[in-house]
Amino acid sequence: MEDRQIRERPARAEAAGRGVAVRLAGITKRFGDFVAVDDLNLDIYEGEFFSLLGPSGCGKTTTLRMIAGFEEPSQGEISVAGEQVQGVPPYRRPVNTVFQSYAIFPHLNVFDNVAFGLRRAKTPKDEVASRVADACEMVQLAGFEKRKPGMLSGGQQQRVALARALVNRPKVLLLDEPLGALDLKLRKEMQLELKSLQEEVGITFVYVTHDQEEALTMSDRIAVMNEGKVQQLAGPTTLYETPANRFVAGFIGQTNVFSGTVEAADGERTTLRTREGLRVEAVARDQASPKEGEEVHAAVRPEKVRFGGSGDNVSAAEVKQVVYLGASTQYIVELEGGGKLVLYQQNAFDATGPLEGDGVSVSWDAQNCLVLGG
Amino acid sequence: MAATSKGSRKGTMNGLPDWGLLLGSVLVYLFLYAPIAVLILFSFNSTRSTQVWSGFSFEWYGQLLADPTILQAFRTSLTVGVIATLIATVIGTMTALALSRHRFRGQSVADTAIYAATVMPEIVVGVSLLVFFVAVRIDLGITTIVIAHVAFTISFVTIVVRARLAGMDRSVEEAAQDLGASPVQTFFRVTLPLILPGVMAGGLLAFTLSFDDFVITYFISGVGSSTLPLKIYSMIKFGVSPVINALSTVVLVATLFLIFGGSRLLVRKDNT
């Protein structure tokens, strides 16, 4: 794909030379007959913001709990900072967790909550006081030390949970959907705050979420999981621009999928014909070029389809639905050759687009239309 | 009907007028509390009569304190109550933890057995314990009373503590372990403080039940180790005296005090 350059942010480049903070080697976790995690292999690097992303039941939380020590893998090896941790109880592992429910100790005030881990480690009293003060400062909770958790808002409890974990300076911080219970506005704020906090302290974050937008916003790398397996492991841009398979394409953002038979395949260019009879020009990712006659799926993002214009794929269509979204407008059109297509138009200069019922022409480039594996 | 003619027949539920409901309620409360009120009233009577009011006096309370056998019975009840409560609270709390924390075969049977124990006919429990003590050759006395009281109060403690555990977020225990607390530290620093209101309420309930128990204790007390309820019963055989009224009043007040204390503990908010 020489004409499609994927540029990740410099900080997100491959972590060459960095040590491995968490290594999962051949991890399988079974609950009875149910396989929650299936032969998982992952290296998470030091100082990385790493996300496990997937729908509920995909095994992401189980994976996190195995790193924390609350579950033992049925098979495989886990090491944290180079040390194997299977069989090591949670209270002896160099990791700390921020729980989905926060799990603040309701009978202790903020100070005692944050100091809990330091006191278990027999830290001298003066040091406990100064480190707790620093941690509260860091999460903007200074002055709240004497409050009981019952008197704090959801966002503040979340900060207590964060301070309580970070104050111990763990090798790895595990976060289990920590923003799930917050309202949208607060969640957006906390996402950016968490990200800058992570850059500030330099601790490896392993972040579990089912919210793809959240993962894209914060992560250096994301492992998209489904049914206990990693579907794709990549940086946010790569994930979005070149999803490895149909699951990833559908889970990360919105996409239009064409299913059809390959009519012609030369190198990376692939032509397929859908069941409705539409001819679609697409490109194959990496070396996985399909053969003639094969059943494949190809996907194009809604923002990469335009009205009018020319390109490898041009089709007449009728506008079925127009949804004004503020920054952009979403159109659902029915293609002449059959099938529906979603497209986004930025409302950059004016908001005058076609109306429902209008006959239009839509086009998209083959290089933006990707043949999917799986 | 009532909805259409607002005001004229307001408050008619099920066709009963307000005053009917009020009268019914008053009668119920009279039925429940009048005999107790009379008992308390005559404990302050200035003559021996328990039927004719002659004037106010503390005479019978004085006699109560002057009677060494009553004081002895009171001491026995207190000793039994405290020891049995301590043992039952510890075992009952551990049972509650075990039942709510572990999934095992026959769990529903174990659950049901705990509840069934609370409604077991006392006479059956009393007889069976008597037969048991005789079979294993334990002499009847304070020891057997304590054992019996522990046996029948454990399930009450378990039920109260389990209710408290059910409302507790398990993840705080995981959080404690995650922060470096061993299982023992986790129990004493997190779990126990959080279920303490339930444990104390269960303990108070156990003490109350032990302090008031008559039927079971009657079977297994042996000679010379009477608890307060047994003492009252033996006194009444020699005729009703206002001393019994006074003694009953003391028992009643003590019991109510403990029960209200326990229920206050149970409803206590976490953020106090």
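Two strands are taken to pair if DSSP finds at least two bridges between them. On this basis, in the predicted model described here, four strands of chain A form an open sheet in the order β2-β1-β4-β5, with antiparallel pairing. The edges of this sheet are formed by β2 (34–45) and β5 (83–84) of chain A, each of which pairs on one side only. Within the sheet, strand β1 (residues 20–31) of chain A runs antiparallel to strand β4 (residues 75–80) of chain A, and the two are joined by five bridges; A:Ala25 stands opposite A:Glu77, a residue of β4(A).

In chain B, the packing of two helices can be described in similar detail. The axes of helix α3 (residues 68–101) of chain B and helix α6 (residues 142–166) of chain B cross at roughly 40° and come within 6 Å of one another, which means that α3(B) is oblique to α6(B). The crossing of α3(B) and α6(B) is right-handed, and the residues of the contact between these helices comprise 18 nonpolar, 10 polar and one charged.

The two chains also meet each other, in a contact to which chain A contributes 21 residues and chain B contributes 17 residues. On the side of chain B that touches chain A, α7 (171–178) and α8 (183–212) of chain B each supply at least two residues, and the largest share, six residues, comes from α7(B). By residue character, the side of chain B that touches chain A is made up of seven nonpolar, six polar and four charged residues.

Terms used. Residues are numbered from 1 along each chain as its sequence is written. Chains are lettered from A and ligands numbered from 1 in the order in which they are written. This is a predicted model: local features need pLDDT of at least 70, side-chain atom pairs count only at pLDDT 80 or more; totals for chains, interfaces and linings use all residues. Two residues are in contact if their C-beta atoms, placed from the backbone, lie within 7 Å. Ala, Val, Leu, Ile, Met, Phe, Trp, Tyr, Cys and Pro count as nonpolar, Asp, Glu, Lys and Arg as charged, and the others, Gly among them, as polar. Axes are lines fitted to C-alpha atoms, for helices over the stretch in contact, and angles run from 0 to 180 degrees between N-to-C directions. Angles under 35 degrees count as roughly parallel, over 145 as roughly antiparallel, 65 to 115 as roughly perpendicular and the rest as oblique. A crossing is left-handed if the near helix is turned anticlockwise from the far one by less than a right angle, and right-handed if clockwise.
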